[in-house]
Amino acid sequence: MSEAVETAARLLRERGQTYAREAGITLRDKPAPLYQLLVLTLLCSTRIHADIATAAARELFRAGLRTPRAMADSGWQDRVDALGRAHYVRYDESTATALGRGAELLLDRWRGDLRRLRGEADGDRAAVHRLLQEFPRIGPVGADVFCREVQGVWPELRPSFDRRARDAAASLGLPTDGDALGALVPGPELPALAAALVRVELS
């Protein structure tokens, strides 16, 4: 086994929990878990610690806000309160607004199902990236987060390693080219490897 493969295997063992899993999302190619990943992506798209973003996602889901319809029908103050319980402060009010508007957009344009966004992109990674940025608050970095996590169930996005993951790879002596880095683990493990690398970079 090559040194790079051994390093990747160690990363998976030690830090390979995806951010979706940390937020309580069992990611599948189904409308509800894909929407929950979108919520997590939005929460990660501010200057806030990842631990707080995942805690905020868990609070929103605990409050029953697991689908775009539930989010759109919820009260703005209920969303603010859920964010506050996770200490997601400073951005709580604007984020509560963005969550409501994003849910409405998803319902209106893609009938509440991100698989329709995937279909519109027709296998084009750049198109997925661009369409995600139509949601309030989600910019290029947020789109990177979504693609990094969803590549386990949307294989056309493999390999997806954002700048943080590639920077960590470089610091560990791993390849920084996406294809070479992605070849170190089986396809379904790519989200975990990408998350592990991001955790290294953030630490």
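**Helix 3 and the two cysteines**

Let's start with helix 3, which covers residues 31–44: at 1.5 Å a residue, its 14 residues should span 20 Å, and its end C-alpha atoms are indeed 20 Å apart, so the two figures agree. Keep in mind that this is a predicted model. Below is a quick look at how that helix sits in the structure, then at the cysteines.

**Helix 3 and its surroundings**

- Helix 3 is largely enclosed by the rest of the structure, because 11 of its 14 residues are buried.
- The buried residues of helix 3 include Pro33, Leu34 and Tyr35, and the list carries on through Gln36, Leu37, Leu38, Val39, Leu40, Thr41, Leu42 and Leu43.

**A look at Gln36**

- Gln36 belongs to helix 3, and its relative accessible area is 6%, so Gln36 counts as buried.
- What does Gln36 touch, once its neighbours within four places in sequence are set aside? Gln36 is in contact with Ile25, Phe61 and Arg66.

**The cysteines**

- You'll find 0 disulfides in this structure.
- Why is Cys44 not bonded to Cys147? The closest cysteine sulfur to that of Cys44 is the one in Cys147, and it lies 14 Å away, which is too far for a bond; a disulfide needs the two sulfur atoms within 2.5 Å.
- Seen from the other side, Cys147 is in no disulfide either, with the sulfur of Cys44 as its nearest cysteine sulfur.
- Cys44 has 22% relative accessibility, so it counts as partly exposed.
- Cys147 has 3% relative accessibility, so it counts as buried.

Note on methods
Residues are numbered from 1 along each chain as its sequence is written. This is a predicted model: local features need pLDDT of at least 70, side-chain atom pairs count only at pLDDT 80 or more; totals for chains, interfaces and linings use all residues. Side-chain values use heavy atoms; hydrogens and water are left out. Buried means under 20% relative accessible area, exposed over 50%, partly exposed in between (1.4 Å probe, protein chains only). Helices (H or I, at least four residues) and strands (E, at least two) are DSSP runs, numbered from the N terminus. The expected span of a helix is 1.5 Å times one less than its number of residues. Contact means heavy atoms within 4.5 Å.
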